[in-house]
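Let's take a walk through this structure together. Have the sequence and the 3D view handy, and we'll go stop by stop.

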Amino acid sequence: MRKDYNLEKRRYVIAGFILVIVVIYLVRLFSLQVVDDKYKYFADNNAFLRKTQYPGRGLMYDRNGELVVYNQPAYDVMMIPRDVKGLDTLDFCRTLGIDVEEFNRRMSEMKSSPNYSSYAPQRFMTHLTAQDYGRLQEKLYRYPGFYTQKRILRQYNYLAAANVLGNIREVNRRDIENDAEGYYASGDYTGDLGVERSYERYLRGEKGEEILMRDAYGRVQGRYENGAFDRAPVAGRDLKLSLDIRLQQYAESLMVNKIGAVVAIEPKTGEILCMVSSPTYDPTLLVGRERGKNYLALQDRKKNPYLPLFDRALNGAYPPGSTFKPTQGLIFLEEGVITPSTAYPCYAGYPYGGRKLKCHAHSSPREVKGALQTSCNAFFCYGFRNMIDSRSRYASAAEAFEVWKNYIVQLGYGYPLGVDLPHEGRGFIPNAKYYDKYYGQGRWSANTVISVSIGQGEVLATPLQIANFCATVANRGYFITPHVVKEIQDTVMPAGLLDVRKPDIDSRWFEAVAEGMRMAVTGGTCTKANIPDIEVAGKTGTAQNPHGKDHSAFIGFAPYDDPKIAVAVYVENGIWGATYGVPIGALVIEKYLTDSIRTERKYLEETMLNSSTLQNRVVGK
């Protein structure tokens with residue numbers, strides 16, 4: 001019989017066609033059941049209601065065990081859109097204290113969210129008041145598809161340290177996209193500013209989940225498998241802060257109606273005892289449903305022209321003025337430019353280029369300790385000139401300046417110190433390239449930039465850096481990175497935060513500078529810091545300001561032989577260092593060491609509590 005080749009070919013075509021269809025079905029089934037979980041998601045949401053269980057956020061205590069930040073319950077109104085049926089919108093709005101326009105706005109915003117799904121829980125309203133929550137619970141059975149979810153709100157035992165503590169806010173799209181751990185989902189909260197942000201991963205805890213069964217009509221029938229697959233939330237870790245919250249309150253009260261900062265550090269540990277940015281704000285303003293509106297108001301220059309959200313202690317870039325002079329003494333001694341007995345003249349200032357950098361009246365000539373005692377401008381100008389213009393030591397002014405700058409950086413200026421708070425400022429210390437670009441290579445000398453020798457000109461520092469330098473002198477030659485968290489519950493502090501950092505300057509020169517600062521208190525520019533029974537060492541600073549009255553600054557530490565506190569005060573437009581800087585710094589030292597102010601010094605306290613420098617400020621600066 002003759003073979004029909006056409007029939008044979010047709011059989012192969014049909015078999016191939018069937019095989020292709022089978023492969024397509026297998027691929028599609030694999031995609032639906034393994035790769036694409038969309039239908040499984042819809043099925044699960046028909047059968048289950050998954051409720052996120054939010055953990056308690058870690059608490060914050062001060063160094064003495066005082067509870068500073070804690071949690072109180074709050075409630076969000078949640079809804080599953082597909083389950084909302086026959087809603088009496090007007091009654092629902094009355095129950096929550098909103099109008100129909102607000103209801104429609106919230107619904108529209110919810111549906112426009114990229115994470116919206118009619119099958120999944122959506123957040124309708126956050127932070128119900130206790131009254132609204134109670135009223136809603138009584139009538140919740142009338143509103144199918146709605147339920148309440150427990151959250152937490154931050155509360156404060158002390159209305160202080162807002163700039164240090166920070167706050168929490170709802171996550172945005174960027175937070176979710178940058179979350180490598182996949183922790184955050186829309187509607188979650190995260191730390192914003194301060195400790196809340198920098199220690200977020202310790203404070204937030206771990207979310208839990210409750211799985212409820214639903215029937216064919218979407219009604220909750222109970223817990224799935226009696227809760228066998230539920231996950232309990234794990235509370236965040238508590239923090240012990242280095243702050244003394246009562247000292248923080250006291251320092252903030254001294255800075256009322258003043259613009260500036262106060263930073264106090266325990267020298268031996270680097271622990272920040274207080275860190276005031278003035279003006280400050282009430283931390284409860286950034287809690288709850290009104291947070292967004294209050295945040296915008298605090299940023300509004302018309303409503304708050306002095307910008308309380310700007311942390312001047314951490315980010316204010318100020319000319320350090322004469323508080324910078326001890327750094328110069330250390331460098332000149334270490335580099336052999338001077339010895340402890342080297343004296344320079346001062347005839348009411350330092351003459352250069354037909355001009356004079358003025359100085360106030362005092363005896364002359366002065367050696368380094370006496371120059372610190374009287375805050376002699378001329379001494380440090382001569383020392384700076386004899387270093388930068390010395391061709392026997394350095395090949396050029398640029399080389400000498402780089403040596404000078406490197407010492408300044410080692411002493412904690414010019415770069416962030418690494419404090420455990422977000423957005424730390426760096427100040428500014430120029431280098432030789434900066435001046436080469438401005439004046440031309442080889443066309444500048446010490447006299448060209450002489451103002452940097454007394455903490456003016458291009459030199460800028462943050463109050464935290466200035467306080468850290470004071471702690472370095474108090475320790476006679478080392479510092480530990482300043483930090484505001486002392487302990488983390490059940491874990492160790494972040495690596496490197498407690499490392500000792502030592503500049504390449506002999507400790508004997510720190511002793512010489514400390515003696516000069518002690519002399520400034522006993523018989524120099526800081527006599528208002530001369531506290532009976534407490535040996536204080538200090539240095540005033542009056543920083544020139546082209547936009548109004550000069551700034552008032554002070555650094556000091558005590559007790560002299562066993563320092564327990566180093567403080568820096570910076571008051572914008574305070575005119576003289578001794579006018580505001582010294583009294584505020586001395587009062588902070590006395591309060592911390594004795595927990596009181598001596599009767600004969602109460603007048604200083606009253607003066608600082610009731611004085612204002614706002615009238616000295618040029619509007620808009």
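Two strands are said to pair if DSSP finds at least two bridges between them. Keep that in mind for the first stop, and keep in mind too that you're looking at a predicted model.

Start with strand β18, which covers residues 537–543. How many bridges link β18 to strand β19? The two strands are joined over seven bridges, and they run in the antiparallel sense. Strand β19 spans residues 551–558. If you'd like one rung of this ladder to look at, find Thr542: its bridge partner in β19 is Ser552. Strand β18 is also mostly covered, with six of its seven residues buried.

Now for something out on the surface. Ile14, Phe17, Ile18, Ile21, Val22, Tyr25 and Leu26 form a nonpolar patch there. Together these residues have about 710 Å² of accessible area. Pick out Val22 as a sample: it sits in helix α1, residues 5–35. Val22 has a relative accessible area of 40%, so it counts as partly exposed, and that value passes the cut-off of over 30% that patch residues need.

Next come the charged side chains. The model has 34 salt bridges by the distance rule used here, and three of them make good stops.

Take Asp83 and Arg82 to begin with. Their side chains meet in a salt bridge, 3.4 Å from N to O. Is Asp83 buried or exposed? Asp83 is buried, because its relative accessible area is 12% and buried means under 20%. Arg82, at 33%, counts as partly exposed.

Move on to helix α16, residues 397–410. Here Lys405 and Glu402 form a salt bridge at 3.6 Å, N to O. Why does about one helical turn separate Lys405 and Glu402? It's because they are three residues apart in this helix. Lys405 is buried at 12% relative accessible area, whereas Glu402 is partly exposed at 26%.

You'll meet a similar spacing in helix α21, residues 602–610, where Glu605 and Lys602 lie three residues apart, about one turn of the helix. They form a salt bridge too, with the closest N and O atoms 3.1 Å apart. Glu605 is buried, its relative accessible area being 7%, while Lys602 is partly exposed at 37%. Elsewhere, salt bridges that share partners tie Arg57, Arg154, Glu196 and Glu200 into one network.

How values were computed: Residues are numbered from 1 along each chain as its sequence is written. This is a predicted model: local features need pLDDT of at least 70, side-chain atom pairs count only at pLDDT 80 or more; totals for chains, interfaces and linings use all residues. Side-chain values use heavy atoms; hydrogens and water are left out. Patches are made of residues with over 30% relative accessible area and no salt bridge: like charges are joined within 9 Å, nonpolar side chains (Val, Leu, Ile, Met, Phe, Trp, Tyr) within 5 Å. Accessible areas come from the Shrake-Rupley method with a 1.4 Å probe; for residues, only the protein chains shown count as cover. A salt bridge is a side-chain nitrogen of Lys or Arg within 4 Å of a carboxyl oxygen of Asp or Glu. Helices (H or I, at least four residues) and strands (E, at least two) are DSSP runs, numbered from the N terminus. Buried means under 20% relative accessible area, exposed over 50%, partly exposed in between (1.4 Å probe, protein chains only).
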